[in-house]
Amino acid sequence: MSVLIVGTTALDSIKTPTAENPRLLGGSASHAAVAASFFAPVKLVGVVGEDFPGKYITLYRRHKIDLAGLQTLPGKTFHWSGEYESNMNNRRTLATELGVIETFLPTLPKAYQSVPFVLLGNIAPALQNHVLNQMTRPRFVVADSMDLWLNIALPDLLKLLKRLDGFVLNDSEAHQLTKTDNVFSALKKIHALGPKYVIIKKGSHGSILSGPKGFFICPAYPLTKVIDPTGAGDSFVGGLMGYLAAAKGPIDANIRRAMVYGSVVASFCCEGFGVNRTTKIRHSDIEKRVKELENLTRF
Ligand code: AMP
């Protein structure tokens, strides 16, 4: 089964303590789409400007990502630049230039409207709602978000939460949304806002799922060197949704393993700038790390 993925398709300029890389392929939808493409066919919804390099379109195509829902508008592609501190965890946004995304209102191609698995990647919640309005009875809808939308678009986000099966957020966003530091009471409060499945990401400390079958603690793959963690969260949820779309049987039977696969794809994302590393791995590389995680967590 296919996965529909909406989010930003961006150019990212990323600075770390040791290197600087301008205008890389980035955006929540790009990272998630590449990650999901290892498991299932992906249909992308996004917008780019006339400055979007052709080599990035080629790269999407190499991953067999359906681009019928990718619009090109006159103007500039969404551009984000950020800088990491030496711990490679704390990140500062240096600039966000909205460009063509400012006026973007996607109309889904007919073939997209009945896709069963929907990932509403990080983008304005009004747009996430707009995409969902065009879907006919999707089987499983998951959204990601960020602190910006909690600050400036909370009513839209709360409206969206009521319509979701799953919501993925990081621990600081969970704290911001629920005003609690305790991860388990935060999970409970987020369930009360709508989603049956809630996943709180804790960066290099893994993630926690709360769902109908209780909790699951998912480890992060132990990396000794992080090159650029931009897009790790998007890769995690992209991998998770791709795995679920390809798996047979009920969500509850597959979601734990889907998180482990998402976690492994995210680990590859951290090992290169942008999608540089993720676009070079093979399925067998993913399987190898999943096995390692399995051995690391069995007791
Ligand atoms: P992550 O590291 O998982 O938080 O995702 C980073 C990605 O989010 C980058 O590739 C950015 O292009 C993208 N991004 C940055 N700011 C925004 C924003 N305001 N809305 C949507 N995507 C964004």
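**A tour from Cys-270 to Arg-62**

Select Cys-270 to begin: at 11% relative accessibility, this residue counts as buried (buried means under 20% relative accessible area, exposed over 50%, partly exposed in between, with a 1.4 Å probe and protein chains only). The model is predicted, so local features need pLDDT of at least 70 and side-chain atom pairs count only at pLDDT 80 or more, while totals for chains, interfaces and linings use all residues. Residues are numbered from 1 along each chain as its sequence is written, and side-chain values use heavy atoms, with hydrogens and water left out.

Stay at Cys-270 and add Cys-269. The two sulfurs are 5.4 Å apart, and Cys-269 holds the closest cysteine sulfur to that of Cys-270, yet this is too far for a bond. A disulfide is a pair of cysteine sulfur atoms within 2.5 Å, and the structure holds zero of them. Cys-218 is likewise in no disulfide; its nearest cysteine sulfur belongs to Cys-270, 13 Å away. Select Cys-218 next: it counts as buried because its relative accessibility is 1%.

Now go to Lys-43, in strand β4 (residues 42–48). Strands (E, at least two residues) and helices (H or I, at least four) are DSSP runs, numbered from the N terminus. Is Lys-43 buried or exposed? Its relative accessibility is 16%, so Lys-43 counts as buried. Show its contacts (heavy atoms within 4.5 Å): leaving aside residues up to four places away in sequence, Lys-43 touches Ser-2, Val-3, Leu-4, Ile-5, Asp-66, Ala-111, Tyr-112 and Val-115.

The last stop is Arg-62, in helix α2 (residues 54–62). Arg-62 counts as exposed, because its relative accessibility is 58%. Add Thr-279: C-alpha to C-alpha, Arg-62 and Thr-279 are 9.0 Å apart in space, with their positions 217 residues apart in sequence.
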